[in-house]
Amino acid sequence: MAVDFLLDEKIWFEKFKYDDAERRYYEQQVNGPAGSSSHQQENGASTILRDIARARENIQKSLAGSASTSSGPGDQNELLSRISHLEVENQNLHSVVADLQKAIFKLESRLNALEKSTSHQPSPVPPTQKVEPFGVPSKKVELPSASPVKKAEPAAAEEDDDDDINLFGSDDEEEDQEAAKVREERLRQYAEKKAKKPGLIAKSSILLDVKPWDDETDMAKMEECVRSVQMDGLVWGASKLVPVGYGIKKLQIQCVVEDDKVGTDILEEEITKFEDYVQSVDIAAFNKI
């Protein structure tokens, strides 16, 4: 594989041999023995020249061989095979496109035929709807439809051809009024039912940190004072003492409040009124329920 890859590369692999021969030649010319004959010098020069000429021939042959391999008959055969393969694929694609066009034409013709058949068929007559109001189970109201009118018109034409008055117009108006009354009654009942439905009450869970003045503060008395704060929408929960430092502990107490009735500012203000026990009140956690 490496040799095939380097066929197209113009590299002189044996250059070092010719460099060594040229170096030896010049060394012999400069540092050669004084008693050497001119015949030996001529033989050495001729051998070097022959080597150089042979190297040039090899280089020219290698270059010519790479050029011939790059544009040889093998590449032409490969190109011809690829062109023929592409032509076959092109023909196959043309046939597939032709088949698709035929199928689309058949579908369009079928759709046109279906549309024509459905357009000639008459539309079905809607059935009569019966509406039963709330609180009036015995009375039934029938909405007007097209079928009773169509049946009544031939009967009226047989009785009096010259009379164009619609005898059923008053009944239809009465039925429309009754249907409107039923609809209004239903809407009123739905509004009353929706108004009576209780809404969701937004609540929050608050964790308070109540800090005393010093380590001599009576924590039990301070907790009693905090729990004495009572409001509508306020429920006290569990509590515990958490050490702060230097023997001082803070009261951590849980409570649940209704957002519309109790605010955090009012709660803090009420607790800080016990100035003898409470130094400050902080909100440690606040979560919506």
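The following paragraphs describe the secondary structure, the sheet and selected side-chain features of a predicted model.

The predicted protein contains 8 helices and 6 strands, and from the N terminus on these elements follow one another in the order α-α-α-α-β-β-α-α-β-α-β-β-α-β. Of the 289 residues of the protein, 15% count as buried.

Four of the strands form an open sheet with the order β4-β5-β3-β6, in which the pairing is antiparallel. The edges of this sheet are taken by β4 (234-245) and β6 (280-288), and because each of these has a single partner strand, one side of each is left without a neighbour in the sheet. On average, and with direction ignored, neighbouring strands of the sheet are turned by 20° against each other. In general, the strands of a sheet pair through backbone hydrogen bonds, in either a parallel or an antiparallel manner.

The pairing of β4 with strand β5 (residues 248-258) is antiparallel and extends over 9 bridges, and within it Leu 241 has Leu 251 of β5 as its bridge partner. The loop between β4 and β5 holds Tyr 246, a residue that has a positive phi of about 60° although it is not a glycine. Most residues other than glycine have a negative phi. The relative accessible area of Tyr 246 is 85%, and because this value is over 50%, the residue is classed as exposed.

Two further tyrosines account for the aromatic contacts of the model, in which 1 aromatic pair is found. The ring centres of Tyr 25 and Tyr 26 lie 5.3 Å apart and the ring planes stand at 65°, so the pair is edge-to-face, the angle being over the limit of 60 degrees that this class requires. Both residues of the pair are partly exposed, Tyr 25 with a relative accessibility of 22% and Tyr 26 with a relative accessible area of 48%.

On the surface, Leu 79, Leu 80 and Ile 83 make a nonpolar patch of about 300 Å². Of these residues, Leu 80 is placed in helix α4, which comprises residues 73-120. With a relative accessible area of 56%, Leu 80 counts as exposed, because the class begins over 50%.

Key. Residues are numbered from 1 along each chain as its sequence is written. This is a predicted model: local features need pLDDT of at least 70, side-chain atom pairs count only at pLDDT 80 or more; totals for chains, interfaces and linings use all residues. Side-chain values use heavy atoms; hydrogens and water are left out. Rings of Phe, Tyr and Trp (its six-membered ring) pair if their centres lie within 6.5 Å; planes under 30 degrees apart count as stacked, over 60 as edge-to-face and the rest as tilted. Buried means under 20% relative accessible area, exposed over 50%, partly exposed in between (1.4 Å probe, protein chains only). Patches are made of residues with over 30% relative accessible area and no salt bridge: like charges are joined within 9 Å, nonpolar side chains (Val, Leu, Ile, Met, Phe, Trp, Tyr) within 5 Å. Accessible areas come from the Shrake-Rupley method with a 1.4 Å probe; for residues, only the protein chains shown count as cover. A salt bridge is a side-chain nitrogen of Lys or Arg within 4 Å of a carboxyl oxygen of Asp or Glu. Helices (H or I, at least four residues) and strands (E, at least two) are DSSP runs, numbered from the N terminus. Two strands pair if DSSP finds at least two bridges between them. Axes are lines fitted to C-alpha atoms, for helices over the stretch in contact, and angles run from 0 to 180 degrees between N-to-C directions.
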